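Colleague: Would you please take a close look at one part of this model, and then work outwards from there?

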Amino acid sequence: MGNVKSLGEFIVERQDDFKYAKGELSRLLSAIGLAARVVNREVNKAGLMEDILGDAGADNVQGEAQKKLDVYANDEFIRALKDRGEVCGLASEENEGVIEFKSGYSVDGQYVVAIDPLDGSSNIDVNVSIGTIFSIYRRTSKSGPATFEDFMQKGVEQVAAGYVIYGSSTMMVYTTGNGVNGFTLDPSIGAFFLSHPDMKIPENGKIYSINEGNYVHFPEGVKQYIKYCQVEDPSTSRPYTSRYIGSLVADFHRNLIKGGVYIYPTTTSSPNGKLRLLYEANPMAFLIEQAGGVATNGYDRILDIQPTSLHQRTPLFVGSKNMVKKAMDFMAEHSPKGK
Ligand code: P6P
């Protein structure tokens, strides 16, 4: 790969960027990279392995049918994080409660991880990009297995966050609070290499991502914003383009590179929104702010929301600064907070 930097080299080179150096977070990020490579191998074979496709015959805590690959990815990230000693517990989309790491030396790990091991898994069977989303905090409890309170920290307290997108190529994109960097997997070597240094989202964009099938259930402010996106006005590059993949990681990643806004608002069936605060909205919000973008629930900054439960949901407006702010203006005018 010539002089292109590997993920491992980059992590070590940058470990002095954050105050908890001592290599703990570096080893934790490397563990996530390793698990991602293992999951990537199975995702890429999914079409060839009948026994890895389809439903696992159980529902997750959200009441959603678990795909076998969901379960596989969850097990793989648990195994990778449990064996390394830096993590004392996990909150996963696939598990009701906190996964406490009690055995071995993990029990006094200084970090907790919230994770969506395979987001967008309904797309597995149709070969559309899916992803892993992770959020890392320092524990607030003193020692022993992780506690519920360790996970009740605002998103602004995250020490690192990122995602893996299993797409036409597999990438790992993460931040430790010093910018956003993207790494592409070279499958011939089985290693990630720095391909997108210091990623920044354009302040403006021409893409809006929202499931318009829910239009009649949207708040009026969202309906008015969608109409705004569709008006012919060359001076503001409208009409925008509608792009919705149905996989947060894929829609987010495209908007991060090209500019755009992703909105999953409240709907009548999801009065608190659909996306989960701890392992979807918060990590994506940390990333987008580090890349110069904005993430809110339509009114307030995502990273300032005080969590009260592991799987709580939130509306999410995330992407290019000026696009999110425009959508918020429509919310303020047509669906004022608390009304
Ligand atoms: P809908 C996948 O289940 C997910 O959590 C996100 O990845 C995605 O953006 C959204 O839900 C899709 O939801 O209701 O539009 O199918």
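Modeller: Tyr111 stands opposite Arg138 in strand E6. That position belongs to the pairing of strand E5 (residues 111–119) with E6 (residues 130–138), which is antiparallel and extends over 7 bridges. Helices (H or I, at least four residues) and strands (E, at least two) are DSSP runs numbered from the N terminus, and two strands pair if DSSP finds at least two bridges between them. The model is a predicted one: local features need pLDDT of at least 70 and side-chain atom pairs count only at pLDDT 80 or more, while totals for chains, interfaces and linings use all residues. Residues are numbered from 1 along each chain as its sequence is written, and side-chain values use heavy atoms, with hydrogens and water left out.

E5 also pairs with strand E3 (residues 87–92), here in the parallel sense and over 5 bridges. In that pairing, Ser92 has Ile115 of E5 as its bridge partner. E5 is mostly covered, with 9 of its 9 residues buried; buried means under 20% relative accessible area, exposed over 50%, and partly exposed in between (1.4 Å probe, protein chains only). The loop between E5 and E6 contains Asn127. Its phi is near 60 degrees, a positive value in a residue other than glycine. In contrast to the covered strand, Asn127 is exposed, with a relative accessible area of 74%.

The ligand comes next. It is surrounded by 13 residues, of which Asp119, Tyr244, Leu248, Tyr262 and Tyr264 are the closest; a residue is near the ligand if one of its heavy atoms lies within 4 Å of it. By class, this shell comprises 5 nonpolar, 4 polar and 4 charged residues. Here Ala, Val, Leu, Ile, Met, Phe, Trp, Tyr, Cys and Pro count as nonpolar, Asp, Glu, Lys and Arg as charged, and the others, Gly among them, as polar.

Three side chains make polar contacts with ligand oxygen atoms. A polar contact is a pair of N or O atoms within 3.5 Å; within protein, one must be able to donate a hydrogen and the other to accept it, and residues adjacent in sequence count only if both atoms are side-chain atoms. For Asp119, the distance from a side-chain N or O atom to a ligand oxygen is 2.5 Å. The corresponding distance for Asn211 is 2.9 Å, and a polar side-chain atom of Glu280 lies 3.4 Å from a ligand oxygen. Taken alone, the ligand exposes 400 Å², of which the protein buries 81%; such areas come from the Shrake-Rupley method with a 1.4 Å probe, and for residues only the protein chains shown count as cover.

Glu280 has a further role in the picture, for a network of salt bridges links it with Glu93 and Arg276. A salt bridge is a side-chain nitrogen of Lys or Arg within 4 Å of a carboxyl oxygen of Asp or Glu, and the structure holds 15 of them. Side chains of opposite charge can pair when their charged atoms come close. One of these bridges joins Arg301 and Glu289 at 2.7 Å, N to O. This pair links distant parts of the chain, 12 residues apart: Arg301 is in the loop between E14 and E15, and Glu289 in helix H6 (residues 277–290). Arg301 is partly exposed at 32% relative accessible area, and Glu289 is partly exposed at 26%. Another salt bridge, between Arg41 and Glu42, has an N to O distance of 3.2 Å. Arg41 counts as partly exposed at 46%, whereas Glu42 is buried at 6%.

The loop that holds Arg301 borders two strands of an open sheet. This sheet has 5 strands in the order E12-E11-E13-E15-E14, with mixed pairing. Its edge strands, E12 (241–242) and E14 (294–296), each pair on one side only. Within the sheet, E13 (residues 261–264) and E15 (residues 316–319) pair in the antiparallel sense over 4 bridges, and Ile263 stands opposite Phe317 of E15.

Lastly, the loop between helix H4 (220–230) and E12 contains Pro239, which is joined to Arg238 by a cis peptide bond with omega about 10 degrees. Ser237 lies in the loop between H4 and E12 as well. Although not a glycine, Ser237 has a positive phi of about 55 degrees, and at 35% relative accessibility it counts as partly exposed.
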